[in-house]
Amino acid sequence: MAKPPLPLEQLREQFGPHLNYIPEGGWTEESRHAPDRLVKTHCCFCGQQCGIQLKVRENRVIGFEPWEEFPFNRGMLCPKGVKRYLQANHPDRLMNPLLRTAAGFTPATWDDALDLTVRRLREIQERYGKDAVAVFGGASLTTEKAYLMGKFARVALGTRHIDYNGRLCMVSAGTAYKLAFDVDRSLIPWSEIPKAEVLFVAGANVGECAPITTDYIWRCRDNGGKLIVADPRMTPISRNADLFLPVRPGTDLALLNSMLYVVLRDNLQDDKFIAGHTSGFEAVKASVERYDPRTAAEMTGVPPDAIEKAAHWFAKADRAIAMHARGLEHHSKGVENCSALINLTLATGHIGREGCGCTMITGQGNGQGGREHGQKCDQLPGQRSLLDPKAREHVAKVWGILPDDLPQPGYTAQEIMNAIHAGEIKALFSACFNPLVSLPNADFTREALEKLEFFCVTDFFLSETARFADVVLAGSLQEEEEGVTCSAEGRVIHIQRAVDPPGNARRDSDIVCEVARRLGKEKFFTYRSSREIFDELREASRGGHADYYGITYEKIDLQKGVFWPCPSLDHPGTPNLIEDGVSFFPDGKCRFQVAEWRESGDPVDADFPIYLTTGRVVSQYLSGTQTRRIGGLVDIYPEPRVEMHPKLAAQYGIADKDWVTVTSRRSEITLRASVVRTIRPDTVFIPYHWADEKSVNRLTHRTLDPRSKIPEFKVSACRIHKGAQP
Amino acid sequence: MFGYEFYVDPSRCIGCQSCVKACEECETHRGHSMINFDFIDRSETIGTAAFVCWHCDDPTCAQVCPADAIKKGEDGIVQSALKPRCIACSNCVYACPFGIPKIIPEYEQMMKCDMCYDRTSVGKRPMCATVCPSQALSYVRPEDIVRRREKPTNVFYFGNQRVTTQVYMMTPPGADSVTADITEFMWEKADA
Amino acid sequence: MREHEPLWREEFSIFKANERYVSRRQLAKFLTLGSAAMFAGNLWILARSWLRKAPHYARRAVARAGEIPVGGVKLFQYPNPGEQCIMVRTAEDTYVAYSQKCTHLSCAVYYSREHDRLECPCHQGYFSILDGSVLQGPPTRPLPKVVLERQGDQLIAVKMEPEV
């Protein structure tokens, strides 16, 4: 419980982040001793899940080699994938479980660490009730582990509070797609992208967050395709945008609704498709009537003729694809934003045909797989609802429990943190999540963590959040455990075990199963391998929309991935999800959703007149626990900068590289400025991968989308002034 | 590799520096990246460009080397300076019109892109072109490159010097060569 | 690559294909093999001389007694044609004969009546008329002697000493 056991500087000295630049044995080691083998696997970072080969010698990962035969990325990699192997043999790697003592974190035996964990969890549940313990999972866990976390929370702990860091990523898109199609997955495989005549990329920094997708977009343009980009900043892909829409933060909805307005006004909609394959059109038609281009221009800052052009290009093309990412989704109206884009795609009939579709670009490594099999507070395996009686019956049977033993839905990630802060939740069991860096309003998160009576973290480095733990269990890197993940395009792929965990570290699934056994739930967690977990997952997901029953490790290896649903062993998988415009609803119709405008949760005003938006850089991944420890990646972009336009900088007398203090309604930070013309003059941008005094999430706010519960990272209000070096 | 050519298209570059990081993983010069990567002018644009050695047909660097240390092999690859001969005089650094050679002070030697000789000599593609996520650097067959809108050229004019290279630059259709002569842009034309 | 290349560009070509470049390794190999060949050659010569059978000399009449006066000289070829020898009648009944090839550099030696010795005109190498040993000059080896036998009127050459 409470604050970290030692001052920050001491913890940093002991546990990092330290920079690893050089492979073990030095740069020339490999010339003298070749690797034993090359393991064909996938990158541990983002949702592109690029194929990569790891060089292994004597149970150590020593380098990488491109895997050109894997069809998605064909050997291509971003710098994170190139340098990922430097996580192996890292000085900060946790080799033993740690227990908090007065002298700091001291190594302990597994028995001591696990016994303490189990004892405290039991005590807290007995004293405060089952729901006083919450479980955090993550979207970098393999699907087997994500499934395991869901089962662990509900069967071993009996708590209803299980959620994950994907709540900060894909849930807006997930909710919107479920409302429209009753399924939450990219509608198309990436191979469709080069076939489009028009690509509309809204709120997606493809070049930095999904670099491999860039080649797909450039090939679309080689084939004569046109690229429309909507973003408050000019990101790398905008250099080849045929039309760039500099949308004001928080106003995407007005832009999208206005595009639909133009389509309907100029009679460019696909009446046949609307009549034959959709429902709910009339309500949406009425709802966009006030979004004429002039009004939208005032709201969004995008010129009216640009809006008209975008609408015309998208509607008139025979084949068009809309792609979106967190820029559209990290809003308190994130669901509405996605719905508006889906509405546009439905109205123009660009669903269910070649070169057509609508897709979210999943950001986290297993963001797709991690949101399918029960790691969410309201979800059961197979992407089924925890409230669905049939689903409860099926899963309970597979798990060997009674349906009534399954809890009801619990809190989402931010809500769990809110409940911890309020004293409702007393203990947290967490893996693969660094909420102190990735949740908004970091000071609030810190206060909450300090209030926990018991906190157990499983991780491979001591993250900023883990500094608050009572027990730190030394877990495994992605290359140390076999499993599957699901990539951004919906392709289920095989993660190979290349090496064993070093020192006394253990595989994550072994750890979770061991805790479950010590809680007395041995008979539900008898797995001896990842394969056994996967086989149970296949059973549990059978019949759901995310049907994995027909997927096996061998099939994945043979086909280089299998797209779900794959209901039987002889089924090849389903790359195109909405074939011929037939949705997953019982009536097969796609549903228009009304997307009404409302102000964001932290509006600008006279005191806080500037928009603050947050995002990423290509060299860092999520909370930076891994990538801030790799020297070559930190060199590319060492410190977070406040990106602002020269016009804005001039107002405050700020020059490039000056120190700037950015203040929001919650906190303030001081960083160096980056004065560039490639961002709207009413907006500043700060990447979020850093922690403590460099963490922009200290400024962001905890407003959630009411349906998806995603925090509104992409629009806050702030003020700036020239500062001094902190 | 037979039948494959190297194409550089700066307009596709997204500035991820994957090439820079992957280059230093290549066996011939592990630990040192040989990519020349630039932010063109970050305050004005997000444009970036990454370049490799152009492996000129008549390499200026080799011509000016006083120690006869730079050699061009039969496959057309201009190698880094030979270790016993290079005296790190930087003549090649100044002479190369593209600005490619680098002096590594701790080795007292010039090193530069050698088209991943440890890979291309055994039928693998160069590391940078393999990993580049936007294929701004690509190593493909000529019949694959014709699908692009841009056209390859390998003729460069630097003032009076005409340089032809093994590596191609992708240029807008209609441009046969790349010119870097200030007089092209002047109002008054200089005498030829 | 360019026309009218100066010689130094040709000699120190930047194109590997045009290099006439001997590496240290190549030179070392060449020297080693050369030396080895020489050594083998020498061994062969040595072996040849050890394994050589004794030469067979034919007996041949080379002169008649009284054919030359005392102090006179007769040249003949023994044991094979082309191998010149010189015979000298040093006294009434004494005849000596030697190979005429000076053991220094193979010039033809002549008999000096004045000094009663065999002399080589090339470098003043003098040999004793009694046994062919070197009296002075650069020769280091004595003149090979032709062993003569008197058979009635005939002078028969029997063999050479030392054997040649």
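This is a short tour of a structure with chains A, B and C, with suggestions for what to select at each stop.

**Before you start**

You are looking at a predicted model, in which local features need pLDDT of at least 70 and side-chain atom pairs count only at pLDDT 80 or more, while totals for chains, interfaces and linings use all residues. Residues are numbered from 1 along each chain as its sequence is written, and chains are lettered from A and ligands numbered from 1 in the order in which they are written.

**Stop 1: where chains meet**

Colour the model by chain. Two residues are in contact here if their C-beta atoms, placed from the backbone, lie within 7 Å. Of the 2 pairs of chains that touch, A and B share the most contacts. Chain A brings 35 residues to this contact and chain B brings 28 residues.

Now select strand E3 (60-66), helix H3 (79-83), helix H8 (213-222) and helix H23 (631-636) of chain A: each supplies at least two residues of the side that touches chain B. Helices (H or I, at least four residues) and strands (E, at least two) are DSSP runs, numbered from the N terminus. H8(A) gives the most, with 4 residues.

Try colouring this side of chain A by residue type. You will find 18 nonpolar, 10 polar and 7 charged residues. Ala, Val, Leu, Ile, Met, Phe, Trp, Tyr, Cys and Pro count as nonpolar, Asp, Glu, Lys and Arg as charged, and the others, Gly among them, as polar.

**Stop 2: the sheet in chain B**

Select chain B and show it as a cartoon. Look for an open sheet of 5 strands in the order E6-E1-E8-E7-E9, with mixed pairing; two strands pair if DSSP finds at least two bridges between them. Strands E6 (137-140) and E9 (178-179) of chain B stand at the edges with a single partner strand each, so one side of each has no neighbour in the sheet.

Next, pick E7 (residues 151-158) and E8 (residues 161-171) of chain B, which run antiparallel and are joined by 7 bridges. Zoom in on Phe158(B), whose bridge partner in E8(B) is Gln161(B).

Colouring by pLDDT (the predictor's confidence in each residue, from 0 to 100) is worthwhile here. Chain B has a mean of 92, and 98% of its residues reach 70 or more. Among the elements of chain B, E9(B) has the lowest mean, 82, and E1(B) (residues 5-8) the highest, 97.

**Stop 3: chain C**

Finally, select chain C. Here 6 residues are in contact with 10 residues of chain B; the chain C side divides into 5 nonpolar, no polar and 1 charged. Chains A and C have no contact, and their closest C-alpha atoms lie 23 Å apart.
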